[in-house]
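Reader: I would like to learn how to read this model feature by feature, with the general idea given before the particular case. Where should we begin?

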Amino acid sequence: MYKLIALDMDGTLLTPQGTISPRTHAAITAARARGVTVVLASGRPLEGMTRYLEELGMTGPEDYVISYNGAMVQRVADGARIRSQLLTGADASLVARLAEQQGVNVHGFSVRQGLISPRLSHYTEHESRLTGMPVNLVDFATLPPDEAILKVMMIDEPALLSRAIAALPAQLYQDYTVVQSAPYFLEIMNKQSHKGSGVAALAEHLGLDASQVIAVGDAGNDSHMIEYAGLGVAMGNATDPLKALAQHITSRNDEDGVARVIETFVLA
């Protein structure tokens with residue numbers, strides 16, 4: 001029996017308009033009423049997830065959230081950390097140098113300074129609107145080597161970013177977790193940080209194993225949790241590589257795909 005449902009947000013839980021449909025809201029509420037833990041697992045910072053947690057009523061002492069693609073797992077009510085694996089300022093500086101060499105923009109999230117970027121770009125402004133966090137202009141070369149960094153992102157027009165990705169050194173993938181969450185976002189985290197490790201840490205905290213977990217997503221940054229879960233589900237709008245990893249494919253995020261998963265595998 002499934003006891004934990006991990007849901008990606010953008011492209012999965014949320015409609016293309018950035019809302020939670022009534023059917024999906026009702027399915028989540030019904031699952032929670034049966035004692036199933038539902039957790040949002042997103043690349044977003046907590047600040048960009050709070051309004052949805054509040055909308056779903058998932059703010060109590062038994063509610064959890066997985067943010068920054070698994071770099072942080074917290075209890076919602078008091079912010080207590082279940083798990084965190086972060087980068088450093090030295091890591092951020094290295095990624096910024098690689099981004100500059102490839103001619104793409106970069107931004108990141110610092111524990112101390114929030115959303116940081118060497119310069120304003122269209123996609124950093126988009127990130128700021130998405131998360132509700134102001135942009136702090138910071139030259140990554142000046143970051144203290146031990147600055148606590150949650151994640152760093154290479155960001156740019158999809159065609160330009162794709163060319164940059166093709167030219168990145170293999171060592172980057174060996175030293176870090178590197179996932180693409182959108183055509184214009186490449187995310188770099190601590191090697192031990194990804195949604196799979198975040199969901200696994202929460203499952204262990206709850207005394208569950210992978211067979212009791214459902215994970216639902218749509219993009220490359222969801223692949224680790226799709227592989228980990230007893231039931232890995234790809235949205236109908238998911239990328240083809242993610243669909244190939246999944247054990248089940250549901251309908252699109254504008255067709256109540258998440259609700260259909262919960263109704264079929266939990267409520268039925």
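Author: Let us begin with a term: contact means heavy atoms within 4.5 Å. The model is a predicted one, and with that definition we can take up helix H11 (residues 257-267), in which Gly257, Val258, Ala259, Val261, Ile262 and Val266 are buried. Among the elements that cover these buried residues of H11 are S1, H1, helix H2 (22-33), S13 and S14.

Reader: S1, S13 and S14 are named in that cover; in what order do the strands of the sheet lie?

Author: The open sheet is formed by eight strands in the order S5-S4-S3-S2-S1-S13-S14-S15, with mixed pairing. Its edges are strand S5 (81-84) and strand S15 (248-249), each of which pairs on one side only. Helix H8 (residues 195-205) packs on this sheet, where it touches strand S1 (4-7), strand S2 (37-41), strand S3 (64-67), strand S4 (72-75), S5 and S13, and the direction of H8 makes about 160° with that of S3.

Reader: How should I read the side chains of a strand such as S1, and which strands does S1 join?

Author: The general idea is that in a regular strand the side chains alternate between the two faces of the sheet. In S1, Leu4 and Ala6 point one way while Ile5 and Leu7 point the other way, and all are buried. S1 runs parallel to S2, to which four bridges join it, and alanine 6 stands opposite valine 39 in S2. Four bridges also join S1 to S13, again in parallel, with valine 213 of S13 as the bridge partner of leucine 4.

Reader: In what sense do S13 and S14 pair?

Author: Strand S13 (residues 213-217) and strand S14 (residues 231-234) pair in the parallel sense over four bridges, and alanine 215 has glycine 232 of S14 opposite.

Reader: What is the setting of isoleucine 249 in strand S15, and is isoleucine 249 buried or partly exposed?

Author: Isoleucine 249 counts as partly exposed because its relative accessibility is 44%, and the limits for that class are 20% and 50%. Leaving out residues up to four places away in sequence, isoleucine 249 touches Ala234, Met235, Gly236 and Lys243. The C-alpha atom of isoleucine 249 is separated by 40 Å from that of proline 118, 131 residues apart along the chain.

Reader: Which residues line the pockets, and how is empty space found?

Author: Rolling a probe the size of a water molecule over the atoms shows where empty space is left. The largest pocket holds about 610 Å³ of space, and of the 30 residues that line it, Asp10, Ser181, Ala182, Tyr184 and Asp218 lie nearest its centre. Helix H1 (9-13), helix H5 (122-131), strand S10 (148-155), strand S11 (176-182) and strand S12 (185-190) are the elements that give two or more residues to this lining, which by class has nine nonpolar, 13 polar and eight charged residues.

The second largest pocket has about 190 Å³ of space, and its lining includes Ser93, Arg97, Glu100, Pro118 and Phe140. Helix H4 (residues 89-102) gives the largest share of that lining, five residues, and by class the lining has seven nonpolar, one polar and four charged residues.

Reader: Turning to the loops, what do histidine 194 and glutamine 113 contact?

Author: Histidine 194, in the loop between S12 and H8, counts as buried because its relative accessibility is 18%. Beyond its neighbours within four places in sequence, histidine 194 is in contact with Asn69, Gly70, Thr177 and His224. Glutamine 113 lies in the loop between strand S7 (105-110) and strand S8 (114-117), and with the neighbours within four places in sequence again left aside, glutamine 113 is in contact with Asn136, Val138, Leu143 and Glu147. The C-alpha atoms of glutamine 113 and asparagine 136 are separated by 7.1 Å, although these residues are 23 residues apart along the chain.

Reader: Which phi values deserve a second look, and where do those residues lie?

Author: Most residues other than glycine have a negative phi. Tyrosine 68 has a positive phi, near 50°, and is placed in the loop between S3 and S4; tyrosine 68 counts as buried because its relative accessibility is 7%. Aspartate 256 also has a positive phi, near 60°, and is found in the loop between S15 and H11.

How values were computed:
Residues are numbered from 1 along each chain as its sequence is written. This is a predicted model: local features need pLDDT of at least 70, side-chain atom pairs count only at pLDDT 80 or more; totals for chains, interfaces and linings use all residues. Side-chain values use heavy atoms; hydrogens and water are left out. Two strands pair if DSSP finds at least two bridges between them. Axes are lines fitted to C-alpha atoms, for helices over the stretch in contact, and angles run from 0 to 180 degrees between N-to-C directions. On a 1 Å grid over the protein atoms alone, a cavity is a set of points where a 1.4 Å probe fits but cannot get out, and a pocket is an open set with protein on both sides within 12 Å along at least five of seven lines; lining residues have an atom within 4 Å of a point. Grid points are joined across faces, edges and corners, and a volume is the space filled by probe spheres set on the points. Ala, Val, Leu, Ile, Met, Phe, Trp, Tyr, Cys and Pro count as nonpolar, Asp, Glu, Lys and Arg as charged, and the others, Gly among them, as polar. Buried means under 20% relative accessible area, exposed over 50%, partly exposed in between (1.4 Å probe, protein chains only).
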